[in-house]
Amino acid sequence: MLAAMGRAERRRQVREDRRAIAAGLDAGRRDTAQVMALMRVLFDLLEDSRDAGSVVPMMTFLHDNIRAADRAAPRKMLACTRGCTHCCHAPVSARAPEILFLRSAIPALDHEAVTASVSQGVAARARPASGEHGFQAFPCPLLRDNLCRLYATRPLACRTAVSSNAGACERALRLGMDEGIPTPEFYTRIRAGYALALAGALKRADFPATAYELVSALNVVLARSDAEAAWLAGEPVFADAAGDPMGDPFDHPRNRQLYLATWA
């Protein structure tokens, strides 16, 4: 097991893993070797984050690695453009380090305004749906003038929320139609791989592997200045946040098998 390795052996393993994922996850690969390597690297960085008292070391690496993978993305297939915010009205799930990283990126001058927007967003989502189709969309409280205020630190779900048909997105937003958003397989595979690697690193470090509803979780961490340090120290900071209905990904036998193989 990586945690029980000698220091030299652990460093060797991490160097090999970093080489394996230097160009980001390859969406064309059908094996799980890269996801396992990334899981081990993120676990190692999470240990660094604990020592530093900040999730920045791990999240900076993760976002850089996602950008490296994105160089191979089929962008010509996408209908997404600057200012297009259909997907910014849908529920978003994110894991604890992503939420804490978002919080750390809020400029001091904007903190009060963002906190108020998030609080209003939570209140709006708590009201019963009143739309004709029993569906009600809410703009993300981080939107301002149809642009994300924290775009550079947005979570994985937002980074991979793309579509090849803007009309389908508009209908889904306006009518709540369950026709599905046409998304190139590259993005669904990348999203799944990075999400599983992050969840596995968290589980290995004895943190919850589950994700949280973004607005609810942001509301929790904005209410306390010590949220990041408290979470890294093992405090259940997100206990009152709405959880992702998908639950723990390692309840699925195939994911659990991959997790066990990663640390064998």
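Helices α2 and α11 are oblique to each other. This holds in a predicted model. The reason is the crossing angle: α2 (residues 33–52) and α11 (residues 253–262) pack at about 60°, and angles under 35 degrees would count as roughly parallel, while 65 to 115 would count as roughly perpendicular. Their axes lie 10 Å apart. The crossing of α2 past α11 is right-handed.

On the α2 side, the contact uses Val35, Met36, Met39 and Arg40. On the α11 side, Leu258, Tyr259, Ala261 and Thr262 take part. By class, the residues of this contact are six nonpolar, one polar and one charged.

A second helix pair is α5 (residues 111–126) with α9 (residues 214–222). Their axes come within 9 Å and cross at roughly 135°. That makes α5 oblique to α9, because roughly antiparallel requires an angle over 145 degrees. Here the crossing is left-handed.

From α5, the residues that meet α9 are His111, Val114, Thr115, Val118, Ser119, Gly121, Val122 and Arg125. From α9, they are Val215, Ser216, Leu218, Asn219 and Leu222. This contact divides into six nonpolar, six polar and one charged residues.

The two pairs are set out below.

| Helix pair | Angle | Axes |
|---|---|---|
| α2 and α11 | about 60° | 10 Å apart |
| α5 and α9 | roughly 135° | within 9 Å |

Next, the loops. Ser163 sits between α6 (156–159) and α7 (166–175). Is Ser163 buried or exposed? Ser163 is buried, because its relative accessible area is 3% and the cut-off for buried is under 20%. The side chain of Ser163 reaches the backbone nitrogen of Asn165 at 2.9 Å. Beyond neighbours within four places in sequence, Ser163 is in contact with Met77, Leu78, Ala79 and Cys80. Cys169, Ile181 and Pro182 are also among its contacts.

Two further loop residues draw attention for their backbone. Most residues other than glycine have a negative phi. Asn146 has a positive phi, near 60°. Asn146 is in the loop between β2 (143–144) and β3 (147–148). With a relative accessibility of 46%, Asn146 counts as partly exposed.

Asp206 also has a positive phi, near 70°. Its loop runs between α8 (185–204) and β4 (212–213). Asp206 counts as exposed, because its relative accessibility is 70% and exposed means over 50%.

Conventions. Residues numbered from 1 in each chain as written. Predicted model: local features only at pLDDT ≥ 70, side-chain atom pairs only at ≥ 80, totals over all residues. Heavy atoms only, no water. Helix = DSSP H or I, 4+ residues; strand = E, 2+ residues; numbered from the N terminus. Buried < 20%, exposed > 50% of the residue type's maximum accessible area, 1.4 Å probe, protein only. Polar contact = N/O pair within 3.5 Å; in protein donor to acceptor, adjacent residues only side chain to side chain. Contact = heavy atoms within 4.5 Å. Axes fitted to C-alpha atoms, helices over the stretch in contact; angles between N-to-C directions. Left-handed = near helix turned anticlockwise from the far one by under 90°. Nonpolar A, V, L, I, M, F, W, Y, C, P; charged D, E, K, R; others polar.
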